[in-house]
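Hello,

Here is the structure I promised to pass along. Have a look at it first, and then read on for what turned up.

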Amino acid sequence: GPKLPEGFSWKNQKIGVYFWRAEDAGYFFQTKVLEDFIDRKYPILHVAHSDNLIRTQKRNSLRVETDIPAELFPLKSIDQASEVPDEARGLRCRLADVSEGGAAILIGGKARVGLPIKIQYTIGDSLVVMSGVVKGITFDQKKNRSLLHMQAAASSVTMRNRILVYVYNLFGERETI
């Protein structure tokens, strides 16, 4: 920004801090400057701790938290992605959140980033089949379980509509908090 006037002090000023975590999202919090000084010609601000951290959505689509049982099928390649329901039993998992652009899936054990997967779950009376690639993993060592962050491959209008009906709760199929 422009050069600050001579004698300006950030001390006791309220500021907004924005930052970005790589491969995650942007965050924002407001805080108060405790002290400001210059060290080797670089301005330094000491700010108060804040418990109010707001995550700004990185995703292009609205997502909602959920707790739906699902089945997961590892794929050899994302080229195997399809919306054809699998008759065989998949690995049991839980859908932690969902959007038209992806999902968070809770599984037992570990997985790896880049793994192509297919998941099947039921919303109301509709079967939803999504395929995609695991873009991130949060592993809980104590519970030996992982939260997979899947980016969905392009889906058909039918599947996308089933997901959007649930996300926007058009027919009251999920409880709103």
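From the N terminus on, the elements run β-β-β-β-β-β-β-β-β-β-α, that is, 10 strands and one helix. Please keep in mind that this is a predicted model.

On overall shape, the radius of gyration is 22 Å, whereas a compact globule of 177 residues would have one near 16 Å. The C-alpha atoms fill a box of roughly 70 × 35 × 30 Å along the principal axes. Of the 177 residues, 32% count as buried. Among contacts between residues at least 6 apart in sequence, 53% join residues at least 24 apart.

Now to the interior. The largest nonpolar core has 25 residues, and Val98, Ile105, Ile119 and Tyr121 have the most contacts inside it. At least two residues of this core come from each of β5 (64-74), β6 (91-99), β7 (102-108), β8 (116-123), β9 (126-140), β10 (145-152) and α1 (157-167). Ile119 is a good place to start browsing: leaving aside residues up to four places away in sequence, Ile119 touches Glu71, Leu72, Leu95, Ala103, Ile105, Val128, Val129, Met130 and Met150.

There is also a pocket to look at. The second largest one holds about 430 Å³ of space. It is lined by 15 residues, of which Leu4, Phe8, Trp10, Ile38 and Pro43 are the closest to its centre. β2 (26-39) and β3 (42-47) each supply at least two residues of that lining. By class, the lining has 10 nonpolar, four charged and one polar residue.

Enjoy exploring, and best wishes!

Definitions and conventions: Residues are numbered from 1 along each chain as its sequence is written. This is a predicted model: local features need pLDDT of at least 70, side-chain atom pairs count only at pLDDT 80 or more; totals for chains, interfaces and linings use all residues. Side-chain values use heavy atoms; hydrogens and water are left out. A nonpolar core is a set of buried Ala, Val, Leu, Ile, Met, Phe, Trp, Tyr and Cys residues joined through side-chain atoms within 4.5 Å. Buried means under 20% relative accessible area, exposed over 50%, partly exposed in between (1.4 Å probe, protein chains only). Helices (H or I, at least four residues) and strands (E, at least two) are DSSP runs, numbered from the N terminus. Contact means heavy atoms within 4.5 Å. On a 1 Å grid over the protein atoms alone, a cavity is a set of points where a 1.4 Å probe fits but cannot get out, and a pocket is an open set with protein on both sides within 12 Å along at least five of seven lines; lining residues have an atom within 4 Å of a point. Grid points are joined across faces, edges and corners, and a volume is the space filled by probe spheres set on the points. Ala, Val, Leu, Ile, Met, Phe, Trp, Tyr, Cys and Pro count as nonpolar, Asp, Glu, Lys and Arg as charged, and the others, Gly among them, as polar. The radius of gyration is taken over C-alpha atoms; the globule rule is 2.2 Å times the number of residues to the power 0.38.
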